Amino acid sequence: MQDWANWALETARVRGATYADARVMDLRQRDLSTKNGEVGTLAETESLGIGVRVVAEGAWGFASTDRLTREGVQACAAQAVAIARASALAKRHEVVLAPEQAYVDTWQNPYIKDPFRIPLERQLDLLLAADAEMRQVAGVTLTETSMQFRRIEQLFASSIGSLIHQVKMQSGCGIAATSFAANEIQKRTYPNSFGGQHMLQGYELVESLDLAGHAQRVGEEAVALHKATQCPEGVRTILLDGGQLGLQVHESVGHPIELDRVLGMEANFAGMSFLTLDKLRTLRYGSDIVNVVADARLAHGPGLGTFGYDDEGVPAQCTDIIKEGLFTGYLSNRETAAAIGESRSNGTMRTESWNRLPIIRMTNVSLLPGTWALDDLIADTDDAILMETNRSWSIDDRRYHFQFSTEIGWEIRGGKKIRMLKNPSYSGITTEFWNSCDAICSRQHWTLWGTPNCGKGQPMQTMGTGHGAAPARFRNIKVGVAFSK
Amino acid sequence: MAAAHLPSEAEIRRLAERIFKLSEADETEVQIDFTSDALTRFANNTIHQNVAERMLSVSVRTVFDRCTARATTNKTDEESLRRVVAASATLARSRPRNPDLLPMSGPQKYPRVERFFPATAAASPEDRAAPSPRVVTITARTGQTAAGIFSTGAMQSALANSRGLSAHYRQTRAEFSISVLEENSSGWAKANSPDIADIAPDALAESASQKAIASRAPRELAPGHYTVILEPAAALDVVGFLFYDFSATAVRDQRSCLTERLGKQVMGQNITLWDDVCHPLQLGAPFDGEGLPRQKVLLVERGVPRNLVYSRAAAKKMNVQATGHGLSLPNEWGEAPMNLVFGGGTASLQEMISSTDSGILVTRLWYIREVDPYEKILTGMTRDGTFLVEGGRVVAGVRNFRFNQSVLEMLSNVEMLGPAVRASGEEAFEMVVPAMKVRGFHFTEVTKF
């Protein structure tokens, strides 16, 4: 790997680049799935290549290749410089990077069991057992299970002298039961929707989630939803479970704090942000109990946004995003940090693969836990709807107005869950929503959820992000609009 | 980015032969994909990203006693090919036997489609950078800011198996997209084509610029049911969510909105829809993931869903003929139509506006997600050019709406259709879709801009 990186950096230097970095990435992925008791997808993928990013004549260029001969790598680096020179034809200012020191280091996330060494038969047996449990529930018409494992080995080298080797092992799994009846499709999933839970862990994550142990409940709830009362329309108090709240953090905090979005660089596709620069350290983003951090350090937990160094060689950091309700920080890289006068990037440049340019991505953007026990919070709530497990999500291109729906809801009256509600949904304006938060559950209920499918950039990149959240309560929220007539 | 960088058909065939020799499986299938893409991205009136990639994918599916699995690599040295064949075999032998697994298909005949344009494949970084200063000149006249992309690329794809099937396809692609921003308004335009000569960046920039001007100081309107005029990109991003519903496997799994609705009048009589890979405005290989030729299928006739698409396995289970829409095996999804073509009408956008007493003109939609899979209720936002139409003319920009709207209901309420065009949005893949004038479209909330 080091030879390839060195060839790239040397070629870039000789061709006139004033800065260059190279990422060699070796990716391995395993996907398994079942449907209705039969094995569906069974596949492994590996991909090895190099991406070279340069500044020449004050402008950016990037090229990538999987031709890992000396000739192939040198041609790739030369192409990156040529592209930078073409970029310079339309530049308005020189690229300026916030200072960063050189690092020579290795980093690997800890895990107990290498999922690629667990026999496939054992993995399939686990999925098929959960699938069978769900199919035993009368009324379940479709059952699905899946596992996904990913190993990412990468070497980063830069012209300032960094040489960083990292290995990340990622695991994920989930189950889903669907019930079609009386012109209605209802679905329940575990431990989360859209592929389940994903973390920077080994196979021990899968074993800890006990898919088969939750399968019957998942099936029964999918069927029971047909007979549940429709979620009412109106303004209500809501409680959100940690999984749903993790996605709420992702969409209404994580994306608007991306500094490339704020500065207009994503305007054509992902959009911009309501968090214009004047709002930094002045905007009351949420109520006093709302504290959000972007934390890529292992100390925060083994999330999909955990690493040793980001993809431009900046060490993992913890940044206060919302401190006691006040908006205090963006996600930055070396270029955007310099653009707004910050002394240093807070280390959020990430790339999907060797063939993609690193861009600003969420790390682990987490709502810090509060003090409530969940039972006490429910007991303290007189009239509310508890919503669990995301079903759909949508937010405008400046991240003001959102609408979410969840798989299941529960009506709370007099401090007790009294009945199931189907088709729950809620909507609102980001800052109004976070300012309405009046209770957050404690660390005992806090989970670092993984979102493996965050899309951003042109060309599109899919990235895994982490979002810690515990159940929380919000007052005066619009509910039921999604199904209004 | 020169066309010569694409491997030849003979080179790809030789690579497949090397893999067949390494495999001891009952049957072996090789899928080889090569892509060479580049994209120039501008924002704040300057180029800020400029990238190129070259990527090969060699995917091997083996079958042992009705057990199958897939392994994929991007390396072609002998050791890597040996390892990918062995990985596929290990995976296949690990799974339970599938008595329903069909033998691989033998040789097929495919319709000829020509979608490779050397000038597109040969586009240089300078070619992609060249429109940027011109676009900035157009938008800077009125103090606007431009952001967008210009991408070009070439790909080729080959599928071969040990029963003699051999399919090969190549295409080029050029795409230009622009957003033009003002203090409180924006406009957008986008086009793509296999032929770079079809892309007119200056005209697209002019259109987006005019939309930003026309939507200045947007009014806030109350949510409600409105007559809407959906430009083709907006119509595409809604109706595009229907594509998997025409999968026979989805209907069999009872997760399609067409479950128990085939043969029933669920859309208006002015809605007819095909899947047709050979349509002159379509892109994509004329064969599916199983190597079968993609057939033209009438999906909806005058508002009545008539047919589905079938993989070989789904066709056998449902006792019909496969239509050539299967996904690469093994998978749990079955098949999907990838080349949707709506029957259009004759109304121009101006005629739709002129005939509207009160309504909303929508340029583009954003962040669309499914709220209810059977009623096919979608939610999303308008974006980059939303206008109030009164008395037959566009009178003002309006703040962006959130919608919650059943697609089936929407397609039952279409009052006018424009000519079907190759539409390009951001939520659905490109299809051939007309502009639509729709009554009773449900906007449920309004955002702050």
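What follows is a walk through a predicted model, from the meeting of its two chains down to pairs of packed helices.

Start with where the chains meet. On one side, 72 residues of chain B take part, and they are in contact with 67 residues of chain A. Strand β2 of chain B, residues 46-64, supplies the largest share of chain B's side, with 11 residues. Sorted by character, chain B's side of this contact holds 29 nonpolar, 25 polar and 18 charged residues. The same β2(B) also pairs with a strand from the other chain: β3 of chain A (residues 59-65) runs parallel to β2(B), and two bridges join them. Along this pairing, A:F62 sits opposite B:V51 of β2(B).

Chain B itself comes in parts. Its domain assignment lists domain 1, made up of 3-137 + 154-165, and domain 2, covering 218-449. Measuring from C-alpha centre to C-alpha centre, the two domains of chain B lie 30 Å apart. They do touch, though: 18 residues of domain 1 of chain B are in contact with 15 residues of domain 2 of chain B. On the domain 1 side, the elements that give two or more residues are β3 (67-73) and β4 (145-161) of chain B. That side divides into seven nonpolar, six polar and five charged residues.

Over in chain A, there is an open sheet to look at. Four strands line up in the order β13-β12-β11-β16, with antiparallel pairing. β13 (326-327) and β16 (365-367) of chain A stand at the edges and have a single partner strand each, so one side of each is left without a neighbour in the sheet. The partner of β16(A) is β11 of chain A (residues 292-295), and the two pair in the antiparallel sense over three bridges. One of the residues involved is A:V293, whose bridge partner in β16(A) is A:S366. Helix α6 of chain A (residues 242-254) packs on this sheet, where it touches β11, β12 (318-323) and β16 of chain A. The direction of α6(A) makes about 120° with that of β16(A).

Now for helices packed against helices. Two packed helices are described by the angle between their axes and the distance between the axes. In chain B, the axes of α5 (residues 131-140) and α6 (residues 201-214) come within 9 Å and cross at roughly 30°. Angles under 35 degrees count as roughly parallel, and α5(B) and α6(B) are therefore roughly parallel to each other. The crossing of α5(B) past α6(B) is right-handed. On the α5(B) side, the contact is made by B:P131, B:R134, B:V135, B:I138 and B:T139, while α6(B) brings B:P201, B:D202, B:A205, B:E206 and B:S209. This contact divides into five nonpolar, two polar and three charged residues.

Chain A has a helix pair of its own to go with this. Helices α1 (residues 2-14) and α2 (residues 70-88) of chain A pack with their axes 8 Å apart, at an angle of about 40°. α1(A) and α2(A) are therefore oblique to each other. Here too the crossing, of α1(A) past α2(A), is right-handed. From α1(A) come A:W4, A:W7, A:A8, A:T11 and A:A12, and they meet a set of α2(A) residues including A:R70, A:V73, A:Q74 and A:C76. By character, the contact of α1(A) with α2(A) has 10 nonpolar, two polar and one charged residue.

Note on methods: Residues are numbered from 1 along each chain as its sequence is written. Chains are lettered from A and ligands numbered from 1 in the order in which they are written. This is a predicted model: local features need pLDDT of at least 70, side-chain atom pairs count only at pLDDT 80 or more; totals for chains, interfaces and linings use all residues. Two residues are in contact if their C-beta atoms, placed from the backbone, lie within 7 Å. Ala, Val, Leu, Ile, Met, Phe, Trp, Tyr, Cys and Pro count as nonpolar, Asp, Glu, Lys and Arg as charged, and the others, Gly among them, as polar. Two strands pair if DSSP finds at least two bridges between them. Domain bounds come from an automatic or database domain assignment. Axes are lines fitted to C-alpha atoms, for helices over the stretch in contact, and angles run from 0 to 180 degrees between N-to-C directions. Angles under 35 degrees count as roughly parallel, over 145 as roughly antiparallel, 65 to 115 as roughly perpendicular and the rest as oblique. A crossing is left-handed if the near helix is turned anticlockwise from the far one by less than a right angle, and right-handed if clockwise.
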